[in-house]
Amino acid sequence: MVRINGENLDVAGKTVSDYLNSAGYDLMRVAVELNDDIVHKAQYADTIFKEGDCVEIVSFVGGG
């Protein structure tokens, strides 16, 4: 299991980009922290979730 935003999910073995796309995130409007380190957008396709990882995903929204 991988803990994403406080929820345990069975996504070990998926890449960050695979998960974000399947969950409906806009890749240009999120920041991903994996085990207390920021994942650069250029690394989303190469970064694979492992059992026990802790992930925080933050979406940016515009407002006025």
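**Exercise 1. Classify tyrosine 25 by its relative accessibility, and then place it among the aromatic rings of the model.**

Step 1. Tyrosine 25 has a relative accessibility of 23% and therefore counts as partly exposed, where buried means under 20% relative accessible area, exposed over 50%, and partly exposed in between, with a 1.4 Å probe and protein chains only. The model is predicted, so that local features need pLDDT of at least 70 and side-chain atom pairs count only at pLDDT 80 or more, while totals for chains, interfaces and linings use all residues. Residues are numbered from 1 along each chain as its sequence is written, and side-chain values use heavy atoms, with hydrogens and water left out.

Step 2. A search of the whole structure gives two aromatic pairs, a pair being rings of Phe, Tyr and Trp (its six-membered ring) with centres within 6.5 Å, called stacked when the planes are under 30 degrees apart, edge-to-face when over 60, and tilted for the rest. Tyrosine 25 pairs with tyrosine 19 in a tilted arrangement, with 6.4 Å from centre to centre and 45 degrees between the planes.

Step 3. Between tyrosine 19 and phenylalanine 49 the ring centres are 6.2 Å apart and the planes stand at 75 degrees, so this pair is edge-to-face. Because tyrosine 19 lies in helix H1 (residues 16-22) and phenylalanine 49 in the loop between E4 and E5, the pair ties together parts that are 30 residues apart in sequence.

Step 4. Tyrosine 19 is buried at a relative accessible area of 10%, and phenylalanine 49 is buried as well. Ring pairs thus link Tyr19, Tyr25 and Phe49 into a cluster.

**Exercise 2. Derive the order of the strands in the sheet from their pairings.**

Step 1. The protein chain has one helix and five strands, where helices (H or I, at least four residues) and strands (E, at least two) are DSSP runs numbered from the N terminus. From the N terminus on, these elements run β-β-α-β-β-β.

Step 2. Strands E1 (residues 2-4) and E5 (residues 54-59) run parallel and are joined by two bridges, two strands being paired if DSSP finds at least two bridges between them. Within this pairing, isoleucine 4 stands opposite valine 55 of E5.

Step 3. Strand E3 (residues 30-34) runs antiparallel to E5, with five bridges between them, and glutamate 33 has glutamate 56 in E5 as its bridge partner. E3 also pairs with E4 in the antiparallel sense, over three bridges; here valine 32 has valine 39 in E4 as its bridge partner.

Step 4. The result is an open sheet of five strands in the order E2-E1-E5-E3-E4, with mixed pairing. Strands E2 (7-9) and E4 (37-39) stand at the edges with a single partner strand each, so one side of each is left without a neighbour in the sheet.

**Exercise 3. Describe the protein chain as a whole.**

Step 1. The C-alpha atoms fill a box of roughly 40 × 25 × 20 Å along the principal axes.

Step 2. Of the 64 residues in the protein chain, 30% are buried. Among contacts (heavy atoms within 4.5 Å) with a separation of 6 or more, 58% are accounted for by residues 24 or more positions apart.
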